[in-house]
Every structure is written in structure tokens, then in C-alpha cells.
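The following exercises invite the reader to work through a protein model step by step. Each task is followed by a solution.

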Amino acid sequence: MNVNSEKTYSCNKSKTYKIRNENFYPIQSRSVALDRFQELVQRDLCALEAKNDCKKTRNNLTKKEAEALQDLKNNEDVVVRKADKGGAVVIMDKEVYKNEILKMLNEHNTYLRLDYDPLLPYQKLLHNILEKGLTLGIFSEKEVEYIYVEHAVTPIFHALPKTHKNCFPPPLRPIVAGIGSYSEKLSEWADSLLQPLISMIPGFLQDTGTVLQNLYNFVCHPEYTWVTADITSLYTSIPHESVNISLKWFLETYSDYTIELQDYLCMVIDFLMRHNYFMFNRKFYLQLSGVSMGAKYSPSIANIYMAWWESNFLFSEKNQYKEQFKWYGRFIDDMLWVWQGEEENILKCIQYLNDCTSSIKLTFSRDSYRINFLDLCLEGKDGEVNTYTY
């Protein structure tokens with residue numbers, strides 16, 4: 001739009017569209033042809049609106065469907081949630097949903113019930129951390145002002161049903177909704193330093209496209225076996241001390257940040273992990289282990305911990321089966337590998353990996369011909385990897 005010259009366009013007497021003077025318009029792109037194109041588009045939009053005004057708006061729902069939707073909206077005995085995978089809509093009995101969440105929150109090694117709102121003392125600690133960053137020259141005064149959230153929103157705990165597990169009630173993936181929380185901006189800052197380094201991790205898969213790209217030239221021999229492995233409750237099971245160790249290793253290995261910045265970043269992550277509180281059913285809780293699934297920095301920390309685990313256990317000399325991995329990739333807590341060798345050794349390898357640490361427990365599936373991973377179906381045929389949408 002030509003926003004440097006203020007104009008008024010009127011489609012009818014009741015509606016007026018005003019183009020205000022703004023600074024973001026790319027002045028170098030201005031031309032007579034572009035201005036003319038803008039006028040024609042706006043004329044056509046006005047004509048389309050006038051045409052639509054003459055038509056009666058139609059609802060795409062039938063009367064019964066609209067009534068059913070309204071009844072569902074007013075039903076206080078159910079909760080409506082998005083499925084953890086696949087985009088489905090899940091309707092659950094409210095009491096079943098609540099009881100399943102309380103089962104999670106009653107895991108005393110993972111969560112602690114609080115009898116007070118910890119916001120004010122946590123904000124004070126945040127202020128001290130930001131002041132230290134200001135003193136060290138890591139933050140400017142404007143950045144400190146941006147990161148510190150004075151009027152914070154209480155994080156809310158909810159969960160997404162894992163309908164793909166095919167059991168009832170479905171297991172739930174815990175989520176802490178922290179938009180507007182006291183730590184949201186600090187989490188955002190920490191991830192801005194960590195996230196650009198994650199792609200350096202060997203075997204890191206960013207998305208489905210990365211899987212396709214990495215397997216494009218892979219020669220799949222008939223004796224190979226597909227294996228997928230899933231880590232049980234990765235986000236909530238990582239001990240805080242293990243995160244600190246893996247983060248320090250990761251920054252020393254992959255970053256060129258100063259020692260001062262590395263130490264400060266480690267301190268920030270430790271603060272965020274140990275002060276992750278939330279509310280559920282009008283009660284306050286503190287997470288004692290792992291990271292908050294929902295915080296900006298959490299996927300990066302999960303990837304960093306897994307990179308450390310892979311370096312120390314999966315691909316180390318301790319693993320006598322490492323040479324049987326012909327291809328390996330990981331999307332956060334979902335692993336895919338191609339195995340060459342006796343299939344009974346896959347189970348032995350899984351048992352070895354499960355015994356390495358108390359925080360990583362793998363469940364797996366295998367197939368010599370075809371396997372599902374993320375939203376793909378992978379198939380080895382005639383030396384090539386064929387892919388289909390799963």
C-alpha cells in the first residue's frame with residue numbers, strides 16, 4: 001500500500017478506509033505502476049464488499065449442528081483439547097481429565113504443591129539476575145526493562161491427550177502455558193542464544209523436511225532394519241544437575257561465546273528450571289525435575305541434553321553396538337536409526353542405553369521393511385528409501 005501519502009477510499013457511505021502515514025513502507029520500491037496496481041486492487045475489494053453486502057450471510061453449519069456446538073460449549077462436564085499429535089479435537093470427561101492430571105502432579109519427585117503464590121519472591125530473584133547481567137555488560141538498560149515483567153500472568157498447567165497411544169484414558173502430555181509470565185522474556189532471551197547452535201548437533205532433525213533431505217542419498221540394503229525409539233517423559237525426567245552438566249559441555253563444544261557469557265547463561269537456565277511454578281485447579285505447584293514443556297528454551301535444553309547423552313553413551317566406546325548404526329537421526333525425543341546386524345542385538349542395545357542413566361528410558365519398534373516416523377512412512381526398497389505421508 002502507498003502509506004506515505006494519506007488517502008481515503010470509500011466503498012459506500014457507511015464504510016471508510018483510511019491509509020495512515022507509516023514509516024515501514026519500502027520507499028525504494030515505489031513506482032507509478034505499483035501505485036496504479038494498488039488503486040485497482042482497492043477498487044476491486046470495494047466492489048467485492050458491495051457485492052457481498054447484497055447477499056445474506058449463510059452459516060456453514062446446519063441448525064442441529066449449531067445447536068450441538070452450543071450445547072458442547074455450555075457443557076461444564078467435559079473439556080475440549082487438541083490432540084498431542086495429528087491435529088484431532090479430543091472431548092474428555094472433565095473428571096477423568098482432572099484425575100489424570102492430578103496423578104501426574106502427585107509424583108512427588110517431579111512436582112511440589114505450594115501453599116502460596118511465589119511470584120513476588122521470584123520476581124525479586126529475576127531482578128537480581130538482570131542487574132548482574134547489566135553489571136557484566138550482557139544487557140543494556142532497555143533490555144533489562146524489556147525482560148523484566150512487572151505485571152505477570154500466572155502460568156497455567158494443562159495437558160494434551162496422546163490419542164495415538166490407542167489406550168483409554170489416553171496418557172497426557174503436560175504443558176505449562178507461560179505466555180505473559182514473569183520468566184517469559186528471560187526464557188526468550190536464553191533461547192535466542194541456544195537455538196542457533198542446535199543445528200550443529202550430529203543427527204539433529206529439525207522437521208520432516210530434514211528427514212527427507214538426510215535420507216535422500218542413503219542406500220538401503222535388504223539386510224538393514226528400521227528402528228524407531230521414543231524417550232519416556234523426557235521433558236520432566238531430566239535432573240537439573242544433569243542439565244547443568246550437559247549445558248556447560250555443549251557451550252564449550254559448540255559455541256564461541258565468552259566464558260563470562262557461558263557462565264551467565266548457565267545461571268539463567270538453572271534459575272528458570274528451579275523456579276518453574278504454575279497453577280492448576282486454583283492450586284500452586286513447583287516443578288522439581290526437568291524443564292517446562294511450553295517454555296521457549298525447553299526444546300533447546302532437551303536437544304542439548306540428548307546431544308550430551310548421545311556423545312557419552314550412544315556413540316561412545318562404551319556402546320559395543322555403535323558400529324551397527326548405519327544411519328541415525330533424532331527429533332527431540334523421537335529417534336530413528338537404520339540397523340545392520342542381528343535383530344536380537346537391537347534389544348540388547350536398548351537395554352544397555354536404558355541402563356546408562358535413570359532419566360532416559362527408551363521404548364522402541366522395529367521392522368525390516370517399513371516403519372512410521374513423525375508424519376512419514378519410510379520404506380526401504382531396491383536400495384532406495386521411499387517415503388509416504390503417515
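**Exercise 1. Determine how many disulfides this predicted model holds, and examine its cysteines.**

Solution. A disulfide requires two cysteine sulfur atoms within 2.5 Å. Under this rule the count for the predicted model is 0 disulfides. Consider cysteine 349: its closest cysteine sulfur belongs to cysteine 356 and lies 8.9 Å away, which is too far for a bond. Next, compare accessibility with the cut-off for a buried residue, under 20% relative accessible area. Cysteine 349 has 0% relative accessibility and is therefore buried. Cysteine 266, at 18%, also counts as buried.

**Exercise 2. Describe the pairing partners of strand E12 and state whether the strand is enclosed or open.**

Solution. Begin with strand E8, residues 224-231, which pairs with E12 in the antiparallel sense over 7 bridges. Within this pairing, alanine 229 stands opposite methionine 335 of E12. Turn then to strand E11, residues 325-331, which runs antiparallel to E12 and is joined to it by 6 bridges. Here arginine 330 has methionine 335 as its bridge partner in E12. E11 and E12 form a hairpin with 2 residues between them, and isoleucine 332 in the turn has a positive phi of about 55 degrees. Finally, consider burial: 6 of the 7 residues of E12 (residues 334-340) are buried, so the strand is largely enclosed by the rest of the structure.

**Exercise 3. Characterise the second largest pocket by its volume and its lining.**

Solution. The volume of this pocket is about 340 Å³. Its lining comprises 20 residues, of which Gly178, Ser181, Gly294, Ala295 and Lys296 are the closest to the centre. Two elements, strand E7 (172-177) and helix H6 (184-198), each give two or more residues to the lining. The largest share, 3 residues, comes from H6. Sorted by class, the lining of the second largest pocket has 9 nonpolar, 8 polar and 3 charged residues.

**Exercise 4. Place serine 187 in the fold and list its contacts beyond its sequence neighbours.**

Solution. Serine 187 is situated in helix H6. Its relative accessibility is 3%, so it counts as buried. With neighbours within four places in sequence set aside, serine 187 is in contact with Leu272, Ala295, Lys296 and Tyr297.

**Exercise 5. Find the cavities of 30 Å³ or more and describe the lining of the largest cavity.**

Solution. Rolling a probe the size of a water molecule over the atoms shows where empty space is left. The count comes to 1 cavity of 30 Å³ or more. The largest cavity has a volume of about 40 Å³. Residues that line it include Tyr111, Phe157, Pro174, Ile175, Val176 and Thr236. Strand E7 gives the most to this lining, with 3 residues. By class, the lining of the largest cavity has 7 nonpolar, 3 polar and no charged residues.

**Exercise 6. Identify the backbone features at proline 169, asparagine 281 and arginine 282.**

Solution. Proline 169 lies in the loop between strand E6 (156-161) and E7. The peptide bond leading to it from phenylalanine 168 is cis, with omega near -10 degrees. Asparagine 281 is found in the loop between strand E9 (277-280) and strand E10 (283-287). Although asparagine 281 is not a glycine, its phi is positive, about 55 degrees. Arginine 282 lies in the loop between E9 and E10, and its phi is near 65 degrees, a positive value in a residue other than glycine. As to accessibility, asparagine 281 is partly exposed at 38%, whereas arginine 282 counts as exposed at 76%.

Note on methods
Residues numbered from 1 in each chain as written. Predicted model: local features only at pLDDT ≥ 70, side-chain atom pairs only at ≥ 80, totals over all residues. Heavy atoms only, no water. 1 Å grid on protein atoms, 1.4 Å probe; cavity = no way out; pocket = protein on both sides within 12 Å on 5 of 7 lines; lining within 4 Å. Points joined across faces, edges and corners; volume = space filled by probe spheres on them. Helix = DSSP H or I, 4+ residues; strand = E, 2+ residues; numbered from the N terminus. Nonpolar A, V, L, I, M, F, W, Y, C, P; charged D, E, K, R; others polar. Buried < 20%, exposed > 50% of the residue type's maximum accessible area, 1.4 Å probe, protein only. Pairing = 2+ DSSP bridges. Contact = heavy atoms within 4.5 Å.
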